[in-house]
Amino acid sequence: MTSWPDQRILDLFGINLPIIQAPMAGATTVDMVIATTRAGGLGSLPSAQLNVDGLRQALVEIRGSTKAPVNVNFFSHRSPPIDAASQARWRAMLASYYIEAELDPAIPAAIAGRAPFDAAFCEVVEEFRPEVVSFHFGLPEQALVQRVKATGAKIISSATTVAEAIWLEANGADAVIAMGFEAGGHRGNFLSDDMTTQVGTMALVPQVVDAVRVPVIAAGGIADGRGVAAALMLGASAVQVGTAYLFCPEARIPDVHRSAIEASRDDSTAITNVFTGRPARGVVNRLMREIGPLSVDAPAFPTAGGALAPIRAKAEAASRDDFTSLWSGQGARLAPRMGAEELTRELYQSAINVLSQKSV
């Protein structure tokens with residue numbers, strides 16, 4: 001076997017390899033996106049922590065370096081109203097950590113931002129016309145979805161259950177990312193907040209494939225060629241890989257984060273909401289052990305992180321990961337250690353090798 005048997009995603013996005021680099025807010029860089037596209041995969045630029053000007057600047061850099069298709073990713077959550085009582089309870093829970101760090105628990109908290117997709121972001125999409133626009137936490141309002149489609153962009157979003165996949169297809173998604181429970185970072189759930197019923201990749205992907213007509217992209221625990229090959233056998237047309245790209249030199253993560261994922265085992269991670277207010281998978285650390293991993297006191301997404309910023313900065317300066325969100329999937333140990341361009345090619349070629357050996 002020398003070529004990928006399922007061409008649907010390749011044709012839909014205009015890419016050469018069925019490898020999508022996951023858009024990891026805070027970790028993905030322009031260099032990572034460019035390197036992935038250079039290999040023939042789909043580089044993904046996260047915008048959740050960018051403002052409109054920052055997104056525009058990043059796209060100018062990308063378009064100046066490559067004409068290959070790119071994916072621009074947005075969050076589609078609803079910004080919560082200000083809840084002073086919730087914030088006060090959260091600050092009270094963190095007060096002892098402030099005192100330990102010799103910080104005043106009453107100092108004003110920074111505003112933790114994750115900007116949802118809106119008309120201003122949509123104008124940037126209309127200006128740069130990326131080939132793919134992806135969303136997390138469902139889809140934005142239909143008027144915005146239709147504006148994105150009018151640019152010619154293909155729309156994809158994450159589903160953590162079959163019901164979410166069906167909803168995405170019915171509401172305009174051109175392909176669905178089946179995000180298994182093994183995946184690192186924020187869960188893409190939007191129809192249910194119940195983490196006890198989330199589905200693993202092996203069970204989720206084939207059921208989503210059976211339930212929708214659009215192509216399916218597998219995500220969650222895929223970090224080497226075996227995982228890519230398995231996704232194809234489950235019916236996926238492509239894969240989205242995140243954690244493996246965190247080991248690339250193009251990734252921008254704190255040293256404590258890199259050290260944590262280097263030492264991570266299969267059972268080192270857990271789902272937590274204490275860093276942002278929304279469930280996400282990361283390496284277990286002190287904060288997760290002592291007040292989480294899932295806490296009813298964490299303020300609504302994305303506001304929980306503001307109060308953590310001062311104690312996180314103090315801890316990281318001392319090379320401690322106590323208050324850092326150490327996002328990682330369960331397959332970190334499987335990931336090759338190489339640059340993003342080489343990793344993209346390696347994931348594909350090793351998958352082809354696995355499939356070739358099994359077909360003999």
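**Exercise 1. Determine which residue of β5 stands opposite V132, and describe the pairing of β4 with its neighbours.**

Step 1. V132 stands opposite K154 in β5. The names follow DSSP: helices are runs of H or I of at least four residues, strands are runs of E of at least two, and both are numbered from the N terminus. The model is predicted, so local features need pLDDT of at least 70 and side-chain atom pairs count only at pLDDT 80 or more, while totals for chains, interfaces and linings use all residues. Residues are numbered from 1 along each chain as its sequence is written, and side-chain values use heavy atoms, with hydrogens and water left out.

Step 2. Strand β5 (residues 154–159) runs parallel to β4 and is joined to it by four bridges; two strands pair if DSSP finds at least two bridges between them.

Step 3. Strand β3 (residues 70–75) also pairs with β4 in the parallel sense, over five bridges. In this pairing V72 stands opposite V133, and F75 stands opposite H136.

Step 4. Together with helix α6 (residues 142–150), β4 and β5 make a right-handed β-α-β unit. Here right-handed means that, with the strands pointing away from the viewer, the path from the first strand over the helix to the second runs clockwise.

**Exercise 2. Establish whether the two faces of β4 are covered or open.**

Step 1. Use the accessibility classes: buried is under 20% relative accessible area, exposed is over 50%, and partly exposed is in between (1.4 Å probe, protein chains only).

Step 2. In a regular strand the side chains alternate between the two faces of the sheet.

Step 3. On one side of β4 lie V132, S134 and H136, and on the other V133 and F135; all are buried, and both faces are covered. For β4 (residues 132–136) this amounts to five buried residues of five.

**Exercise 3. State the strand order of the sheet and identify the strands at its edges.**

Step 1. Eight strands form an open sheet with parallel pairing, in the order β1-β9-β8-β6-β5-β4-β3-β2.

Step 2. The edges are β1 (19–21) and β2 (43–46); each has a single partner strand, so one side of each is left without a neighbour in the sheet.

Step 3. From one strand to the next, the twist averages 25°. Angles run from 0 to 180 degrees between N-to-C directions, and axes are lines fitted to C-alpha atoms, for helices over the stretch in contact.

Step 4. Helix α7 (residues 162–170) packs on the sheet, where it touches β5 and β6 (175–179), and its direction makes about 160° with that of β5. Contact means heavy atoms within 4.5 Å. Helix α8 (residues 201–211) lies across β5, β6 and β8 and runs at about 155° to β6.

**Exercise 4. Characterise the packing of α3 against α5.**

Step 1. The axes of helix α3 (residues 52–65) and helix α5 (residues 119–128) are 10 Å apart, and the packing angle is about 15°.

Step 2. The two helices are therefore roughly parallel to each other, a class that holds angles under 35 degrees (over 145 is roughly antiparallel, 65 to 115 roughly perpendicular, the rest oblique).

Step 3. The crossing of α3 past α5 is right-handed: the near helix is turned clockwise from the far one by less than a right angle, whereas an anticlockwise turn would be left-handed.

Step 4. The residues that meet include L55 and L59 in α3, and F121 and V124 in α5.

**Exercise 5. Describe the surroundings of Y97 in α4.**

Step 1. Y97 is found in helix α4 (residues 84–100) and counts as buried at 6% relative accessibility.

Step 2. Not counting residues up to four places away in sequence, Y97 touches R286, L287, E290, I291, I311 and F323.

Step 3. The C-alpha atoms of Y97 and L308 are separated by 9.4 Å, although these residues are 211 apart along the chain.

**Exercise 6. Locate unusual backbone values in the loops around β4 and between α12 and α13.**

Step 1. Most residues other than glycine have a negative phi, and most peptide bonds are trans.

Step 2. R129, in the loop between α5 and β4, has a positive phi of about 50° and is partly exposed at 44% relative accessibility.

Step 3. F137, in the loop between β4 and α6, has a phi near 75° but is buried, with a relative accessible area of 5%.

Step 4. A cis peptide bond joins G292 and P293, with omega about 5°; the bond from F301 to P302 is also cis, with omega near 0°. P293 lies in the loop between α12 (286–291) and α13 (305–317), as does P302.
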